[in-house]
Amino acid sequence: MDKNPVYPEALIDALRASRHVCVLSGSGISAESGVPTFREAQTGLWEKFDPHELATPEAFLRDPELIWRWYRWRRELVAKVEPNAGHRALVDLASRVREFTLITQNVDGLHQRAGSDNVIEFHGNIFEDRCFVEGCVVKDASDVSSAVPACPACGGQLRPGVVWFGEAIPEDALNKAMAAASTCDLFFSIGTSSLVWPAAGLADTARAAGARIVEVNPNPTPLSDMSDFCLSGNAGTVLPELVSRLLASELRA
Ligand code: OAD
């Protein structure tokens, strides 16, 4: 795969002319911060662990202590790392275009720590606690260190605030993401395998509404052939370079 991507002038022009840029990010954008992706051979989390044992409501009901041990491990891992140049470049990009929407499948909060505002968290947030019984977000859980913390309101078991397989996307996030995908004119898919639905369908929604599609990924995905521009490389390299070319083009004009 070409790791020295071409940055077509047509893409820079499209960025300059854009009314609304919408970005969908996936775990690949956090890879350079040291957060493992899910499906990559050797290093992906789902290569080493069975998602049905760790990321379903049934798994939680079977063994909530195991699930909490797994998510506490991931919380600690994510808390120790820093946002990278890819996350930061999206903050710059947002300030250079008319309208910008960032949707992320990531639960790590690294976009927000880099300075992105109004991030739509499609799969929840790993640092949130939610009541398994009532579904509400719990901000003041007092026994967070116990093996399975309890909801202070109803006493039910708390769970991490992430979306598991077989669960619905939070309604507000889904509505906002669909609205952005169907009104943007440039849609970026960054660091995602485009295999998990409904997130993977956002690019289709954008395309059907007339947006051009840009993929940033070192590897091909099912979206690559449908993309107008494929920037084949790591987000931490490609995105800062793209933003700096956009800036250079603005200065030349
Ligand atoms: P995947 O592991 O499926 O895909 C990661 C993608 O990132 C791959 O296509 C890699 O080629 C690409 N990649 C790796 N390093 C990169 C880099 N430095 N820059 C850019 N791209 C890079 O992860 P996701 O697509 O995020 O869901 O997975 C989607 C969902 O599946 C996750 O949100 C999670 C998982 O199960 C839930 O937890 C609900």
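In this predicted model, the buried residues of helix α10 pack against β1, β2, α9, β7 and β8. The residues in question are Gly-201, Leu-202, Ala-203 and Ala-206. For the α9 part of that packing, the helix axes give a handy picture: α9 (residues 171-183) and α10 (residues 201-208) come within 7 Å of each other and cross at roughly 40°. On the α9 side the contact is made by Ala-177, Met-178, Ala-181 and Ser-182, and on the α10 side by Leu-202, Thr-205 and Ala-206. Sorted by type, the residues of this contact come out as 5 nonpolar, 2 polar and no charged. Leu-202 and Ala-206 thus turn up twice, as buried residues of α10 and as partners in the contact with α9. Their spacing fits a general point about helices: with 3.6 residues a turn, residues three or four places apart point the same way.

Just past α10 comes Gly-210, with a positive phi near 100°. This glycine sits in the loop between α10 and β8 and is exposed, its relative accessible area being 58%. Gly-210 also pairs up in space with Leu-186: the two are 24 residues apart in sequence, yet their C-alpha atoms are 8.8 Å apart.

On the other side of α10, the loop that runs from β7 has a couple of backbone quirks. Pro-198 lies in this loop, and the peptide bond joining Trp-197 to Pro-198 is cis, with omega about 5°. Ser-194 belongs to the loop between β7 and α10 as well, and its phi is positive, near 55°, although the residue is not a glycine. As a reminder, most residues other than glycine have a negative phi, and most peptide bonds are trans. A further case is Asn-118, a non-glycine residue with a positive phi near 50°, placed in the loop between α8 (110-114) and β3 (120-121). The surroundings of these two residues contrast: Ser-194 is buried, at 12% relative accessible area, whereas Asn-118 is exposed, at 71%.

Another helix pair is α7 (residues 85-96) and α11 (residues 235-252), whose axes come within 7 Å and cross at roughly 25°. Since angles under 35 degrees count as roughly parallel, that label applies to α7 and α11. The crossing of α7 past α11 is left-handed. From α7, the residues that take part are Ala-85, Gly-86, Ala-89, Leu-90, Asp-92, Leu-93 and Arg-96; they meet Ala-235, Gly-236, Leu-239, Pro-240, Val-243, Leu-246, Leu-247 and Glu-250 of α11. This contact divides into 10 nonpolar, 2 polar and 3 charged residues.

Both of these helices feed the largest nonpolar core, a set of 28 residues in which Leu-15, Leu-90, Phe-188 and Ile-190 have the most contacts. Elements giving two or more residues to the core are α1 (9-17), β1 (21-25), α7, β2 (100-104), β7 (186-190), β8 (212-216), β9 (229-231) and α11. Of these, α11 gives the most, with 6 residues. Leu-90 is worth a closer look, as a residue of α7 that meets α11 and also ranks among those with the most contacts inside the core. Setting aside neighbours within four places in sequence, Leu-90 is in contact with Val-23, Ile-29, Phe-100, Leu-102, His-111, Ile-190 and Leu-239.

Key
Residues numbered from 1 in each chain as written. Predicted model: local features only at pLDDT ≥ 70, side-chain atom pairs only at ≥ 80, totals over all residues. Heavy atoms only, no water. Axes fitted to C-alpha atoms, helices over the stretch in contact; angles between N-to-C directions. Helix = DSSP H or I, 4+ residues; strand = E, 2+ residues; numbered from the N terminus. Parallel < 35°, antiparallel > 145°, perpendicular 65-115°, else oblique. Left-handed = near helix turned anticlockwise from the far one by under 90°. Contact = heavy atoms within 4.5 Å. Nonpolar A, V, L, I, M, F, W, Y, C, P; charged D, E, K, R; others polar. Core = buried A, V, L, I, M, F, W, Y, C linked by side-chain atoms within 4.5 Å. Buried < 20%, exposed > 50% of the residue type's maximum accessible area, 1.4 Å probe, protein only.
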